[in-house]
Amino acid sequence: MTAKPSMPAMRWMNAKPSISAAMRWMNAKPSISAAMRWIVAKQAATSPARVFFKKDNMKQRLLSRCFPAAIWAAATITCSSALPASGGAEAAAAQREQVPQLRGVEVSGRFVRVELPGDNRYLSLAEVEVLAGGKNLALKAKASQSSQWGGGAAGLAVDGNRNPVYTEGSVTHTELNSAPWWEVDLGRVQKIDSIKIWNRASMRERLDGCRVSILDDKRCQLAHASAAKAGATLEFVVAEMSPGSGKVIAAIPAPPPPPPMKGETIKTADLPQGLQPEAAAKLLEAGVEEILFVKRFTLNANHVYTEYVNSRWLPGGNLCALNLRTGAVRELIPEFNACVFNRFDLSFDAKKVIFDCKRTQNEGYRIFEVNVDGTGLRQLTFPVTNEKELQAKHGKPGYHYGTDDLHPCYLPDGGVMFSSTRCQYGTLCDSPSIFTTKVIHRMDGDGGNILQLSNNSVSEASPAMMSDGRVMYHRWEYVDKAAGNLKCIWAMRSDGTGSVEIYGNSISHPETLIYPRAIPGSDDKIVMLGATHWGPNNAMGTVIVVDMRKHIRSYDAMRFVTSDINAFGHDGFYFKNAEGKWYRDSTGIDGRLFKDPYPLSEHLFIAAHKPKGLKWDNAIGYDLTVIDGEGNGQVLYRDHAISCWHPYPLLARTKPPVLLSAIDEELANQREALCIVQDVHYGMEGVEPGTVKFIRVMEQVSRPWSVINDWCGSDRDGMAYTALGNNLLGLKVQYGLVPVNADGSACFKVPANKNIYFQALDKNYMAVHTERTFVNYMPGEVRGCVGCHELPNDVPTTRRTTNMALGGTGPAALQAQPGEASVGKLFDYPRQIQPILDKQCIECHAGDKPKADLALTGEAQGIYSRSYNNLIARSRKVANLLGNRALLNENAGSACIEYMPPYTIGSTTSLLLAMHAEGRFEPRDKTTAAMAKLKAKAHVSVKLSDAEFYALANWIDANCQFHPSYWGRKHEKFAGHENFRPQVKFDEAVGTEPPAWNR
């Protein structure tokens, strides 16, 4: 029986004071809880209790104090925006405004909503069931979501298909949003018993922190619950959910709200036509009489790097010259006006133009050259000899899948640098394997002697000369980083040697830094374009000046010329509104956009431009605009029939010097390069001299087209076309270890034309620090570095007066890690890690009821194995079990670009290793160290040999890779096939042609 409240409480209830007095009384008199419970219990049998509040926050405070979960079963609480007068029409109206709240074991609602709080998050669901009396109320009901990526429509979560594999077509997927949501409308208010959610199979952690709410038909929140960690399924029993706040939740919440999709607000016909004299006068004053530019309909690829892959085919336009005095425009190649021109460069003497052009829909871009007067047209690049075979073998709808040659740039030695797909690699984060990789090549001026200069696993573009003789270019990369937002500016010599970061290797946003050009009269300032990665964005964005005298991995070096545009996210466009707040717009309508800015000085630029009011992909929406140093734009030229692009002054330039490289012919013949490190400890804060004993030489191997097969659908995991391991996109291999001298120096050889990166190892062969980028060394190249975290302009340290690396003993030979048979190591979990588990673990961790519910047996399970899947799953629940891998998810679109100090990731942070370390090391994280000591007491019988310990550490430092190569069949359903999980040789793993057994 519920106790009767005290007399003071009864007097308070009869007096009906103001709500503010009531709240003061409630705070002073905790017995109000007993009073309210007594009222609820007394009235529950006859009518619902009705409590009215002026403000939501007061209502929440009163409900939270007065109504514990058990009471909700007894009454309905009515939420109203005002106190009603006693009796009469107002009371009747208030009665009609009743909003039922959570009632313990019984809740009736209309909408069920799944949300992910926070910024930059994807929401994916395999299936959502809303159950009442064993019936699924959500089946085939109307569903909606905040956005849609690819084919991941909202209705896939209520189609009755629980298949959790996204690539098999029954999983929802939003774009990268702030607080993405999914919702099902049950059609009417219905009783709900429980809610069950099936997560997608890969990247389950994306659902961590999800919030589930039940709303009534007025969208008032009745109940809610959250899940900190998401597994394969999540179940929310309504009786255990928390009472809702009663607030109304809009169908599309903000923070900040994206602008609604709408039609264009201006017409191109109303915009200026032809040459605009006022803008032309600014260029004439700067000494420019003519400009070259391209006319073409707007390319509308969905990514910054796929203009040659999936832009619509709209032929037309030309390479043109505009006279700034008369406004006359002449086409340089009238016979090519049914082609698509992309990008071009002007020779140093301003007599020739080199350009890329696509002549038909089903062929690739090729490079041509023509005199500025239109004479002397010649083709410089041609399809590779097996072009038709490539198209027939790998052809996909929408892309010819042959080779493309793009973005040519004249070199001072008479050659030409360009970007090309001749490397025949696929973009690692493209599961359908349609997006190809283009990397930097060079050729002679006549098109001969084409040479690949880089070996990137993802794309490079837009080479442009610097005044010092180097060529800077846009480079996208990811080594133990997220797949989307490391697209920065690098430079190399004309022969490919000396490749080095120019700006932005740890800059998260803008995600894409592209189209760099040197500012005349300055050796240390460039202009570039900042853009998002995709969804949509065909490299349109904001104009930025970079001062390389400042820290080249800081935002301080950037000055946004067009400061009303930015690229804070992974997709779309970001504009500043009248109140100065940023928001995302997927249409491009709400702001202006720019492409390929060209600097005449630090305060005067020309660029392609789309005005506010037009969609980003309007086929005729772009003009040529003059921009001053404050970002003010003035239209220079517009053609109402077609867009205009890539303005370039028709002026002679000073030819930069030809930089000569010191090539060691003997090394070149061996396809090797020489590396000299002065002090590996330099720049590694918190690492005492002498700590680093070895340098581990690693490679992220690019994925060749020849990997493409007809069984790949079974071997995909997340964005990986052929799965190598959980959250891994690029294959890692290990060439060997190099001893570090007592003074921190090292001298050793590395393979050329590979994506080489280093790890600094301690005495236990654990990675103190990992170089999360790579360098391509050309054959015969000799180069040195100061240390591990230097900047390109750092000078050698004076801390040591001698350097043992240069003592005349010659380069140290690569050596195998203890316990390994030879150098040249692949990471093969079934053959390297599972035997350790079999020996040390499965006595306890096997069978149907393994200890700690952790089975570590090695039978194939899906694409991986039972032990691997269980270890990865457990690592999401137990912090640092396999080392800090939370930020090493390459499937993430936008994360983990910032510099990470030593001892932040990898084996030195691993709980699994620490609990079996036996004094070898102790994690610096105190929580991990304390847990390791507790776990060690329960594993006293487990004694890892040095070789076993080193092997586990090595595997964790390779980000827990499972399969040793791109080749072979991986899914368990192929067990028994001749190439199921084969033992791969090192040369086969790093090769570009499939092994003979790969059928």
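**Note on the predicted model: contacts, cores, sheets and helices**

1. Leaving out residues up to four places away in sequence, Y966 touches L428, V701, S702, R703, P704, V707, T722, L724, L729, G730 and L731. The model is a predicted one, and the contacts of Y966 should be read with that in mind. This tyrosine lies in the loop between α15 and α16 (986-990), and it is nevertheless buried, with a relative accessible area of 2%. Of its partners, T722 is separated from Y966 by 244 residues in sequence, while the two C-alpha atoms are 6.3 Å apart in space.

2. For the chain as a whole, 16 helices and 50 strands are assigned, and 59% of the 999 residues count as buried. Among contacts with a separation of 6 or more, 67% are made by residues 24 or more positions apart, and the pair Y966 and T722, 244 residues apart in sequence, can be set beside that figure.

3. The largest nonpolar core has 122 residues, and the members that touch the most others are F355, L636 and F748. Strand β36 (residues 604-610) supplies the largest share of this core, namely five residues. A second core, separate from it, has 40 residues, including M766, L871, L913 and L952. As general background, nonpolar side chains in soluble globular proteins tend to be buried together.

4. Which residues does F748 contact, once its neighbours within four places in sequence are left aside? The partners of F748 are A673, L674, C675, V677, I695, V697, V738, F758, P811 and A812. One of these, C675, returns in the next point, as the cysteine whose sulfur is closest to that of C747.

5. Why does C747 form no bond with C675? The sulfur of C747 is 8.7 Å from that of C675, its closest cysteine sulfur, and a pair counts as a disulfide only within 2.5 Å, so the distance is too far for a bond. The structure as a whole holds zero disulfides. With regard to accessibility, C747 counts as buried at 9%, and C960 likewise counts as buried, at 0%.

6. An open sheet of four strands runs in the order β15-β16-β17-β18, and its pairing is antiparallel. The edges are held by β15 (340-346) and β18 (378-379), each of which has a single partner strand, so that one side of each is left without a neighbour in the sheet. Strand β17 (residues 366-371) is joined to β18 by two bridges, the two strands running antiparallel, and within this pairing F368 has Q379 of β18 as its bridge partner.

7. Strand β20 (residues 416-420) deserves a separate remark, as five of its five residues are buried. The cover extends to both faces, with V416, F418 and S420 buried on one side and M417 and S419 buried on the other. Four bridges link β20 to strand β19 (residues 405-410) in an antiparallel arrangement, in which D405 stands opposite S420. These two strands form a hairpin with five residues between them, and G414 in the turn has a positive phi of about 95°. Strand β20 is also joined, by five bridges and again antiparallel, to strand β22 (residues 439-443), where H441 is the bridge partner of F418.

8. Helix α12 (residues 866-877) has 12 residues and reaches 17 Å from its first C-alpha to its last, which is close to the 16 Å expected at 1.5 Å a residue. Its buried residues are R866, S867, Y868, L871, I872 and S875, and they pack against α10 (829-832), α11 (834-840), β49 (860-861), β50 (864-865) and α15 (946-957). One of these buried residues, L871, is also included in the second core of 40 residues.

9. Helix α14 (residues 926-937) has 12 residues as well, and its end C-alpha atoms are 17 Å apart, in agreement with the 16 Å that it should span at 1.5 Å a residue. Are its buried residues gathered on one face or spread around the axis, and which are they? They are T928, A929 and A932, and seen down the helix axis they fall within an arc of 100°, so they line one face of α14. This buried set packs against α13 (911-914), whereas K926, T927, K933, L934 and K937, on the other side of α14, are exposed.

Conventions:
Residues numbered from 1 in each chain as written. Predicted model: local features only at pLDDT ≥ 70, side-chain atom pairs only at ≥ 80, totals over all residues. Heavy atoms only, no water. Core = buried A, V, L, I, M, F, W, Y, C linked by side-chain atoms within 4.5 Å. Buried < 20%, exposed > 50% of the residue type's maximum accessible area, 1.4 Å probe, protein only. Contact = heavy atoms within 4.5 Å. Pairing = 2+ DSSP bridges. Expected span 1.5 Å × (residues − 1). Arc of directions from axis to C-beta.
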